Amino acid sequence: MSDLVLEVRDLRTRFQLQGRGVEVVRGVDLSVAPAEVLGLIGESGSGKTVTGLSILRLLPGNAEVSSAVMRFKGRELQDLDEDAFQPLRGLSLAMIFQNPVGAFNPAKRVAWHLREIARRRHGSEQGWQAGARDALSAVGIPHPERVLRLYPHQLSGGMAQRILIAMVLALEPDLVIADEPTTNLDNIVERQIVALFRRLRDRLNAAFIFITHDMQIAAALCDRIAVMYAGQIVEVGPTRAVFDAPRHPYTQGLTATSLALKQRVKRLTEIPGELPSLMSPPPGCPFAPRCAKVMARCREEAPPMFGTAPHLARCFLAEPA
Amino acid sequence: MSAQGKPLLQLEHLSVAFAARGPDAGASRRFRAVDDVSLGIAPGEVLGLVGESGSGKTTLAKALLRLYKPAAGRIVFRGADLAPMGERALAPFRRDLQMVFQDPLSSFNPRHTVFEALAIPLRLHRICPRGEVSQRVDAILARVGLPAAFRDRFPHELSGGQLQRVAIGRALTLSPSLLVADEAVSKLDVSIRAQILNLLKDVRDSLGVSIIFITHDLHVARYLCDRVGVMYFGKLVELGTVDQIFDAPRHPYTRALLGTLEDELRGAGGPETFAPPGATGCRYASRCPHATALCVGAHPPMEAASDGHDVACHRWREIDFVRPTA
C-alpha cells in the first residue's frame, strides 16, 4: 500500500451556513495509485467537487476539513501548514476545473501563462518557448506558435481545456484532480478530450482523480469508480465490476438509466424523489427514501461498507449472509 | 408520423442574422446564425434538434417562436406567416407557442410563488373565470407530478427537477400546440433526468402537443424524439426519423457526432477548427475527411436520401453509410 500516490481516510468537510454546521463530505475514504484513473461519479451536490477542493485546500474560510489520514506519497499532508503546503499545490497536486476559460488570466496571452508555468516548474523562463510548443503539441494543438499569441477569449472551449491540460502536465504533478473537465464541451470535443486523457494516462505516471457525472465517460476512461451520494462513497470498485454488476441500488438505478437510453426502451425507469438535504440528513441510509429495495433497518441504521476488496458497497443488501 | 398529414408549423428558407462583432468582423458584416433552414413539424410530433453549441439550434427555436425576427424566410403556422408580423399581430399566436428553458431557476421571478407563476398566464390570457384559477393551478401541479402544497413555495425552495416540472406546467397552462424545450434536461442530475423525460413523453401522449426538443445529448434525443434534425454552423445538414439518423446516418458530421471514443482514439474524429468556416461551400468541409474541391466551392443542397430522410452533402451517395454495430 505504500506505493499509493494519495490515501485519504474519513475525510469530513463542514461548512458554517447561517450559524449551523452542515457536513457536505461525510467520511470519505479513497486512494489512488500511480498511472491509475479513479472516477468519482455522482450528482451535483453529492460532494464530489468539495472532496477535490478539500484535498487541495482550496475551500473558503467557512469550511472545516478533517480527516484521519491524508497521505500523499507517504507524507501526511495534515502536518503541513499553509506555507509548507503551497509549494506542493500545482507542482505536485494539481486541479483542472470545469470552466477552462475562467482558469486563464483574461488580460494575458496564452504565451504568458506557459511562461509562468516554466518559471514555476524550473525556476526560470529559459527555453520556455520550446517547452511550451512541446506541451501544446502533446495535447493536439495544431499550430502552437499561432495559439501562443492568442488571448483566452479567442480560444474555443475545447482549445482552452487542451491548453489548460497542457499547462497542468507541464508542471509534472504526481496527482491530477480533474473536475468535470468535459462538461461544458460539445460532444465531439468531449470525446477528443477524454481520448487525450486516456493517452496521457498511458504515457505519464501520474495518478488521476476524474470527477464526472457522465457514466459513459467514466466507463471509457477510469480504472476504478467511486460513486458518491449525499457526501458519502456508496460504492467503489473496478470499473467493469461497478458498471456490470452494481451492488448499491443507487448505482443500479444510474446504470439502468444510462443503459436504457442506449437501448432505446419505451419508457425509462425513474429513480423517484430527490437528493436529501444535508442540512438535516435522514437517519439511516441517505438513499433509503428513494430506494426500491428499502428495508425497515435501512431507515434506522446507517450501513457501513460491505463486500470484499476491491468491490465494496454501502448497503445492507451487500452484507455477507 | 413524419411527412404525412398537414404540418402544424412549417419553416421555409428561414434565416436569422446578427451583426458580427469582434476583431475579425468588417464594418457592415452580418453573421447568419441560422442559414436557409426548411423543416416542418407535425401535430403531436417530437422533433429533436441536435448539434454543437453555436450551431444555431436555440436561435432557430427562438426565431420560430418569434422571439427573434428572421432575416429571411417564412414561418407558416395556422395558415399565417409569422415571420413579418409585428407584436400586435403576433399576440393571438403567442399562447399557442410556448418554451421551456435550460436553466429553470432563472426562468422564474424569484419573488413570485409557484402559484403566482402558474396563475399569471391563466389570468392574462383569461383562460378560465377568476374563481377557477386556484383549482386550475392545482390541476396543473398534479399533471406535472407535484403535490398541491408546492403552490406556496418560492423558486429557490425547489430543486432543479421540481422547478423544471413547474416550468413545463407553466408552459402547458395555455394549452399550446407547440412546446419548445431548450436543453430542458441538460442541467438536471442523472437520476432526475429520467423523471423529466418521462414527463415530457406523457405530456405529448396525453395532450398531443408537438415538441421541439433541443439537445446535445444524442441518447436523450433518441429516447424522446420521432424525428431529428442535425445542425452545423447554422445549416440543417440532415433530417430524418430517429431510426434513419441513428442507424443509417448519411452526413459525415452526423456520423462524427455518433462516433465513439474508440473512433477518437484512432484519430477518426477530425480536428477542431479555429473559426467558423466561410459562408461559401459546405460549412463542414474544413473538418470533413471526405471533402473535395466541390465541397469547398459550393454549399450542397438538401436532397432526399430516402423517404423522409434528407441530407445536405455533395458526396452522400459515395460514402459508405452503414455504421458498424457496436
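Reader: What makes chain A agree with a compact globule?

Author: Compare two radii of gyration, taken over C-alpha atoms. The rule is 2.2 Å times the number of residues to the power 0.38. With 321 residues, a compact globule would come near 20 Å, and chain A has 21 Å, so the two agree. This is a predicted model, where local features need pLDDT of at least 70, side-chain atom pairs count only at pLDDT 80 or more, and totals for chains, interfaces and linings use all residues. Residues are numbered from 1 along each chain as its sequence is written, with chains lettered from A and ligands numbered from 1 in written order.

Reader: Why are A:Trp128 and A:Leu136 called buried?

Author: A residue is buried if 20 or more other C-beta atoms, placed from the backbone, lie within 10 Å of its own; 12 or fewer means exposed, and in between is partly exposed. In helix H4 (residues 128–138) of chain A, A:Trp128, A:Ala132, A:Ala135 and A:Leu136 are buried. Helices are DSSP runs of H or I, at least four residues, numbered from the N terminus.

Reader: How do you know that they sit on the same side of H4(A)?

Author: Take the directions from the helix axis to the C-beta atoms. They cover an arc of only 95°, which puts these residues on the same side of H4(A). An α-helix has 3.6 residues a turn, so residues three or four places apart point the same way.

Reader: What is exposed on the other side of H4(A)?

Author: A:Ala130 and A:Asp134 are.

Reader: What covers the buried residues of H4(A)?

Author: The cover includes helix H3 (110–122), helix H5 (144–148) and helix H6 (157–170) of chain A. Contact means C-beta atoms within 7 Å.

Notes. Helices (H or I, at least four residues) and strands (E, at least two) are DSSP runs, numbered from the N terminus. Two residues are in contact if their C-beta atoms, placed from the backbone, lie within 7 Å.
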